[in-house]
2 protein chains.
Amino acid sequence: MVTTQLKGASADDADLRRADSLAREIFSDVANKWAFLIIEMLGEGTLRFSELRNEVEGISHKMLTQNLRMLERNGLVERTVHPTVPPRVEYTLTEPGRALRATVDGMCVWTHRYLGHIETARRRFDT
Amino acid sequence: MVTTQLKGASADDADLRRADSLAREIFSDVANKWAFLIIEMLGEGTLRFSELRNEVEGISHKMLTQNLRMLERNGLVERTVHPTVPPRVEYTLTEPGRALRATVDGMCVWTHRYLGHIETARRRFDT
DNA sequence: CTGGATCCCCGGAGATACTG
DNA sequence: CAGTATCTCCGGGGATCCAG
């Protein structure tokens, strides 16, 4: 990632570049509002697709599946299918997912803390 | 925001809904990869437009100005213009901005910590 | 150097319909 | 219910040019 400056040890800096680009890729995937909201909603629990659809305000069917796939692919959520009929699919955060949730929580707290600041900053700016 | 459930005290829940929608709006603005990268690069210091352009790998002229405006509007960065010629414009994080940087940092740490997990998760998924 | 404005195009994202 | 596929459309975002 951006903070990977290790000039001296050029053991194999092709590897470093690879890790860097992978990191940026992950960043692009995950630093997105829907992913954050999904992670936040999942929290410690387990939710079904339709529950997520309801809880994550304003997300479309497509965006939800898309982001869930992405999160699953990156190993942040686990998807368990109950072979019943009608099917029941549940999503849970994995350990990496829960770890990330800590920082997402941080952002939620931050948002609430600075709502006022931001609102006034906006008013000042919009003139 | 999503976590604002205060059922009992309905002093004025129109206000609550307003705060909620504002929070979601802020979330949509800020939870975006470019904003995060800019905040990360600014860190404790001060950077000029062109420096940011170089440091934030792959960002276009347009995206940079756009995000800087957005961050300025929300009061996360301060923009100081030195009336020299050629002009010199510097960007710094405000206090809210620095506060948010903590969580962005958290995400960077997280990324490095789980690079391995994620890489293997991807390989398993892509089959 | 900073940053608006304009043009243009590709792909993100919604709506709909269909399978298991 | 969960998920994929197809079509469509609008706007995000790049490239370029101009101004202060």
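**Notebook: chains A and B, and DNA strand C**

I began with one pair: Asp29(A) makes a salt bridge (side-chain nitrogen of Lys or Arg within 4 Å of a carboxyl oxygen of Asp or Glu) with Arg122(B), and the closest N and O atoms are 3.5 Å apart. A note to self: this is a predicted model, where local features need pLDDT of at least 70, side-chain atom pairs count only at pLDDT 80 or more, and totals for chains, interfaces and linings use all residues. Residues are numbered from 1 along each chain as its sequence is written, chains are lettered from A and ligands numbered from 1 in the order written, and side-chain values use heavy atoms, with hydrogens and water left out.

Next I looked up the count of salt bridges between chain B and chain A, which is 6. On the chain B side, α5(B) gives the largest share of what touches chain A, 19 residues (helices are DSSP runs of H or I, at least four residues, and strands are runs of E, at least two, numbered from the N terminus).

I then checked contact (heavy atoms within 4.5 Å): 49 residues of chain B meet 49 residues of chain A.

Then I turned to DNA strand C. Which residues come nearest to DNA strand C? Of the 15 around the strand, I found Ser60(A), Lys62(A), Ser50(B), Arg79(B) and Tyr91(B) (a residue is near if one of its heavy atoms lies within 4 Å). I also noted that a side-chain N or O atom of Ser60(A) is 2.4 Å from a phosphate oxygen of the strand, while a polar side-chain atom of Arg69(B) lies 2.9 Å from a phosphate oxygen.

Definitions and conventions:
Polar contact = N/O pair within 3.5 Å; in protein donor to acceptor, adjacent residues only side chain to side chain.
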